[in-house]
Amino acid sequence: MAAVKKTNAVRLLENLKIPFELLEYEIDEEALSAEDAAAKTGIAEERTFKTLCCRGDKNGVMMVCVPAGRELDFKALAAASGNKSSELVHLKEVQGLTGYIRGGCSPLATKKKYQVIIDESALKFDFITVNAGHRGLLFKMSPLDLVRATDAKTATVVR
């Protein structure tokens, strides 16, 4: 077996002594969605969380985790994050803000500490998957541990 990829997100969880499993899957540059990750890992879409980089009009940049196959509700996100409105950060800005590229964006170990909002549907499960900071690499972990590691707020932010 190959050595564990040591992303900053992996190091953070190790330092916090939070248990996780790493799942690797083959990536396709044309198919970098959470839906593709779910299909390739065989883990249900509702347990496979994508991380979106968003911006609120008052509180600025935030990381938002929502289940694959679901759409972010920007009004609900704004309300949950203390903003009047929210939007996706333009793809050109994501790497500069987070240190992560499209398809490899994790809510953990971003360049700066941003507010993290996780759709509360995650709390129904004993484990979820979320990007581990590299394309083709997911954390399989307890949603409560993810909340603790990111100091996240949970709210219904999907429609």
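In what sense do β1 and β7 pair, and over how many bridges? The two strands run antiparallel, and four bridges join them. This is a predicted model. The report starts from β7 and works outward.

## Strand β7 and its neighbours

β7 spans residues 137-141. Four of its five residues are buried, and the strand is mostly covered. On the β1 side, Leu23 has Leu138 of β7 as its bridge partner. β1 itself covers residues 21-24.

Strand β6 (residues 128-134) also pairs with β7. The sense is again antiparallel, here over five bridges. Across this pairing, Val130 stands opposite Phe139. β6 and β7 form a hairpin with two residues between the strands. In that hairpin, Gly136 adopts a positive phi near 80°.

## The aromatic pair

How many aromatic pairs does a search of the whole structure find? One. Its members are Phe20 and Phe139. The geometry is edge-to-face: the ring centres lie 5.1 Å apart, and the planes meet at 80°. The angle is over 60°, so the pair falls in the edge-to-face class.

Where do the two rings sit in the chain? Phe20 belongs to the loop between α1 (8-15) and β1, while Phe139 belongs to β7. The pair therefore ties together parts that are 119 residues apart in sequence.

The two residues fall into separate burial classes. Phe139 is buried, at 0% relative accessibility. Phe20 is partly exposed, at 25%. The cut-offs explain the labels: buried means under 20%, and partly exposed runs from there up to 50%.

## Charges over Phe127

Phe127 carries a charged group from Arg47 over its ring. The charged end of Arg47 lies 4.1 Å from the ring centre. Lys140 also lies over the face of Phe127, at 4.4 Å from the ring centre.

## Asp145 in helix α5

Asp145 lies in helix α5, which covers residues 143-150. Is this residue buried or exposed? Asp145 is buried, because its relative accessible area is 15%, below the 20% cut-off. Leaving aside residues up to four places away in sequence, Asp145 touches Ile18 and Pro19.

## Loop residues

Three loop residues are set side by side here.

| Residue | Loop | Relative accessibility | Class |
|---|---|---|---|
| Ala109 | between α4 and β5 | 27% | partly exposed |
| Lys112 | between α4 and β5 | 55% | exposed |
| Asp151 | between α5 and β8 | 62% | exposed |

Most residues other than glycine have a negative phi. Ala109 departs from this with a positive phi of about 60°. Asp151 also has a positive phi, near 55°, without being a glycine.

The α4 helix covers 91-98 and β5 covers 115-119, with Lys112 in the loop between them. How far apart are Lys112 and Arg102 in space? Their C-alpha atoms are 17 Å apart, with 10 residues of separation in sequence. Asp151 sits in the loop that leads from α5 to β8 (153-155).

## The chain as a whole

The chain has five helices and eight strands. Along the sequence they follow the pattern α-β-α-β-β-α-β-α-β-β-β-α-β. The radius of gyration is 14 Å, close to the 15 Å that the globule rule gives for 159 residues, so the chain is as compact as a globular protein of that length. Its C-alpha atoms fill a box of roughly 50 × 35 × 30 Å along the principal axes.

What share of the 159 residues counts as buried? The figure is 47%. The exposed area of the chain is about 8200 Å². Carbon and sulfur atoms supply 50% of that area.

Contacts give another view of the fold. Consider those between residues at least 6 apart in sequence. Of these, 61% join residues at least 24 apart. The pair of Phe20 and Phe139 links parts at a separation of 119 residues.

Terms used. Residues are numbered from 1 along each chain as its sequence is written. This is a predicted model: local features need pLDDT of at least 70, side-chain atom pairs count only at pLDDT 80 or more; totals for chains, interfaces and linings use all residues. Side-chain values use heavy atoms; hydrogens and water are left out. Rings of Phe, Tyr and Trp (its six-membered ring) pair if their centres lie within 6.5 Å; planes under 30 degrees apart count as stacked, over 60 as edge-to-face and the rest as tilted. Buried means under 20% relative accessible area, exposed over 50%, partly exposed in between (1.4 Å probe, protein chains only). A charge sits over a ring if NZ of Lys or CZ of Arg is within 6 Å of the ring centre and within 35 degrees of the ring normal. Two strands pair if DSSP finds at least two bridges between them. The radius of gyration is taken over C-alpha atoms; the globule rule is 2.2 Å times the number of residues to the power 0.38. Contact means heavy atoms within 4.5 Å. Accessible areas come from the Shrake-Rupley method with a 1.4 Å probe; for residues, only the protein chains shown count as cover.
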